[in-house]
Amino acid sequence: MNKRYFILIIFCHSVLSFANSTDKKIFIHAQTITEINNLISRVIQRPPTQFVCELIPQENGNDVFEIDARGDKVVLRGNNGVSLASAFNWYLKYTANCDYSEWGAQLNLPAKLPLPSGKIRIVATVPYRYLYNYCTFGYSMPWWNWEQWEKGIDWMAMNGFNLPLIITGQEAVWIKTFTQYGYTEKEIRQWLGSAAHLPWFFMQNMESFDGELPPNWVSQHIELAKKMINRTKAFGMNVVLQGYYGILPPGFEKRFPNAVVLTQGTWAGGLKRQNMLSPTDPLFNKISATFLKEQEKLFGKTHFYTADPFHEGGNSKGLDITDVGNRTYKAMKMHDPEAIWIKMCWQSDNAKLLRDIPADSVIALDLWAESAPYWKKGAFNGKSWIWCMVHNFGGNTELSSQLSHLASVFPKTMNNKDKGKLVGLGIAPEGLYNSPVVWELFPEFAWREDSVDLKSWIPQYLHRRYGTSSAKVNEAWEGIVASIYNIPYNANNQTPENSIIEARPLRDEKARTWSSTRQSHNILKLSEAVINLQAAAPECAASDGYLYDLVDFTRQLLGDLARPVYDEIQTSIKTKDTATFRKSTGLFLGLINDMDDLLATRKEFLLGSWISDARRWGKTPEEKNLFEYQARLLVTTWTDQPGSNLTDYSCRQWNGLMKGYYAKRWKMYFDSIYPSLAEGQTFNNELFLKNLADFERNWAQSHEKYLTVPSENVINVVRKIAQKYEPVLKVYETKVNSLN
């Protein structure tokens, strides 16, 4: 071939490659700007004509955003969609004095937007900002549709998160994998079980629970997952998808007699775990390759895979844990040379499991770092790791946090010489919809290097959340921060503390097995704070954020008040004081009923919405009823065995649950025990518990209707409750004091 001709071919190929590369970059940039403009429109509910969005380079490999002005336009700059969305959120908060939240918001923007007084430039403190826990997909998001997920992803981007866990649609991957190993689709759907309990299937905690997963669920969630993943990637996020770590359907050893199959026993008092294929078995790499290949076909590429062998127990007898870690990781690497293992570090022996994996090929999630930081035991031996907080267990609605700790702990960790290879911050909650202030404060440390001064930050937060600066509000929040938001995080007690109202009668005064119903915060301070917050209604009632908080804190106070009333009931039982028993049980049940009426004023606290969201995934009456049953089960007995150690783990103070479930349980107890006080009869403990279990089982299988839209005006209901319970609080002041 002529040398000049050859050079000409190479030159033309290079020009075409450059043109294609340039065109691709231009397309991606245009797509990013379009996505951010659409996000802005969704949030402010009007065209984004006063915003100009521009892409800029990273700063030394770190994400960065800028807020500026050009004429009468607000200019937002960032190196990707997440940075641009974060710039928009920072503008709303610190220039426009607004608050975007999924738990009540205040977005009263003027027609002509305020401009920043000068250019703002902020660089991310860490490269990775991780979000979600497997459990979040059960306790909060099992029934979300695309409209709900779209809002969730917008919030995610606006708060800087760029590494979300997404397990939606995973059912299809398991089906497509094991139908290649001799199973029918129906057999795998039977193995997958309950739609509401799928996260615990993916964590290897349980299998085949509550019948067969309908095929309609699988197909719908493939499409939902594709939308979710496409949107997150359009914002520039990396998604964490599932990796394979040995889970097997029943009967695998019959199909493959030479396979090394390890039984994994039970979880949570009797739920059967999936069997596990030993990573030493040659089939392990083959199944892992099938799994990751099918996942990529469905949902595209990722380089981040989560896998958690021996989660909360299991059987590793005869296995070298370090070898298990190496083989699990290498199986991912065979499919994807750029694979990074995202390892939840919760209860298993992570130091041994991750010991020999290259430091940059694994990211350890210090899952519960606010209460039980693993990193202090050796910073994961040089592996990359992310500081995460759980904050909420079970999706419980009670409020609990230590804001002073959260306001400084991450910057202090960043400055700690023994922090090792800290590469991110994260929130890994079991449930959402709890303490909006926590979800507002902590994500800011993606962009803040220093600790937050709460004395100045809280009033700013309240101004933007409530739309005005109010002395009454500030005074109220001083009491709130000093009570429910001054509870030290404790590795011996999973937050939050529950109200006695949700406790199952005769269950050692517990709602969740791993929490307490004896509040450690100062209830009198909370009472004074709620009274001050109620007094601010004339100034703040136009803010949805204020109305949400007013219901939330009033609900918390009533739930706390139930404790001294309950103690009085127990004393009257011991002394056979029937008059006090009748008075106190009447007050106790009245508290529950009044809480139900209060909760009916907000969409976030409606059991009917949870059930309605579940039923809409069914295509037939049978499917709708199945999903409703699973939804009811999860927030009450959890399993189909009332009285297990998971009963009431996911208890909530919701309209519908208060009157329809908790009040009825307690009334059964009070009615059953009264004859032993008044007539000297022997209380039949065993018969009562049988009847209670029958009630719980029947309630889960029932279909009574509950509210799906708020019923009354928040202010009116709160005013009635305040008038009724102000004298009650005074009567119980001494008893409340004794609790603190």
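Me: Let's start with H23 and H25. At what angle do they pack, and how far apart are the axes?
Reply: In this predicted model, H23 and helix H25 (residues 685-701) pack at about 140°, and their axes are 8 Å apart. That angle makes H23 oblique to H25.

Me: Which residues make that contact?
Reply: From H23 you have Tyr629, Arg632 and Leu633, and from H25 there are Trp699, Ala700 and Gln701. By type, the contact of H23 with H25 splits into four nonpolar residues, one polar and one charged.

Me: And how do H22 and H23 pack?
Reply: Helix H22 (residues 607-615) meets helix H23 (residues 621-634) at an angle of about 140°, with 8 Å between the axes. H22 and H23 are therefore oblique to each other. Their crossing is right-handed.

Me: Who's touching whom there?
Reply: H22 brings Trp610, Ile611, Ala614 and Arg615. On the H23 side the residues are Lys624, Asn625, Phe627, Glu628, Ala631, Arg632 and Leu634. The mix in the contact of H22 with H23 is six nonpolar, one polar and four charged.

Me: Why bother with both an angle and a distance?
Reply: Because a pair of packed helices is described by the angle between the axes together with the distance between them.

Me: New topic: Gln50. Where does Gln50 lie?
Reply: Gln50 is in the loop between helix H1 (3-44) and strand S1 (51-55).

Me: Is Gln50 buried or exposed?
Reply: Gln50 counts as buried, because its relative accessibility is 18% and the cut-off for buried is under 20%.

Me: What does the side chain of Gln50 reach?
Reply: One partner is the backbone oxygen of Ala111, at 2.7 Å. A polar atom of the Gln50 side chain also lies 3.0 Å from the backbone nitrogen of Leu113. Leaving aside neighbours within four places in sequence, Gln50 is in contact with Lys73, Val74, Ala111, Lys112 and Leu113.

Me: What about H5, how many of its residues are buried?
Reply: Eight of the nine residues in helix H5 (residues 170-178) are buried, so H5 is largely enclosed by the rest of the structure. The buried ones are Gln170, Glu171, Ala172, Val173, Trp174, Ile175, Thr177 and Phe178.

Me: Now Glu440. Which helix has it, and is Glu440 buried or exposed?
Reply: Glu440 sits in helix H15 (residues 436-441). With 7% relative accessibility, Glu440 counts as buried.

Me: Which side chain does the Glu440 side chain make a polar contact with?
Reply: That of Arg464, at 3.3 Å. Arg464 is also among the residues Glu440 is in contact with once neighbours within four places in sequence are left aside, along with Lys93, Asp99, Trp457 and Tyr461.

Me: How far apart are Glu440 and Asp99 in sequence and in space?
Reply: They are 341 residues apart in sequence and 9.0 Å apart in space, going C-alpha to C-alpha.

Me: Okay, the loop between H17 and H18. Where does Asn498 fit in?
Reply: Asn498 lies in that loop, between helix H17 (471-482) and helix H18 (523-535). Asn498 is buried, with a relative accessible area of 0%.

Me: What does Asn498 touch?
Reply: Not counting residues up to four places away in sequence, Asn498 touches Asn396, Glu398, Ala511, Arg512, Ser515, Ser516, Thr517, Gln519 and Cys651.

Me: Where's the cis peptide bond?
Reply: A cis peptide bond joins Thr495 and Pro496, with omega at about 0°. Pro496 is in the loop between H17 and H18.

Me: What's the phi of Glu509?
Reply: Phi of Glu509 is near 55°, which is positive in a residue other than glycine. Glu509 is found in the loop between H17 and H18 and counts as partly exposed at 26% relative accessibility.

Me: Why flag a positive phi or a cis bond?
Reply: Because most residues other than glycine have a negative phi, and most peptide bonds are trans.

Me: And Lys576, what's its phi?
Reply: Lys576 has a positive phi of about 55° although it isn't a glycine. Lys576 is in the loop between helix H20 (544-575) and helix H21 (578-599). With a relative accessible area of 49%, Lys576 is partly exposed.

Methods. Residues numbered from 1 in each chain as written. Predicted model: local features only at pLDDT ≥ 70, side-chain atom pairs only at ≥ 80, totals over all residues. Heavy atoms only, no water. Axes fitted to C-alpha atoms, helices over the stretch in contact; angles between N-to-C directions. Helix = DSSP H or I, 4+ residues; strand = E, 2+ residues; numbered from the N terminus. Parallel < 35°, antiparallel > 145°, perpendicular 65-115°, else oblique. Left-handed = near helix turned anticlockwise from the far one by under 90°. Contact = heavy atoms within 4.5 Å. Nonpolar A, V, L, I, M, F, W, Y, C, P; charged D, E, K, R; others polar. Buried < 20%, exposed > 50% of the residue type's maximum accessible area, 1.4 Å probe, protein only. Polar contact = N/O pair within 3.5 Å; in protein donor to acceptor, adjacent residues only side chain to side chain.
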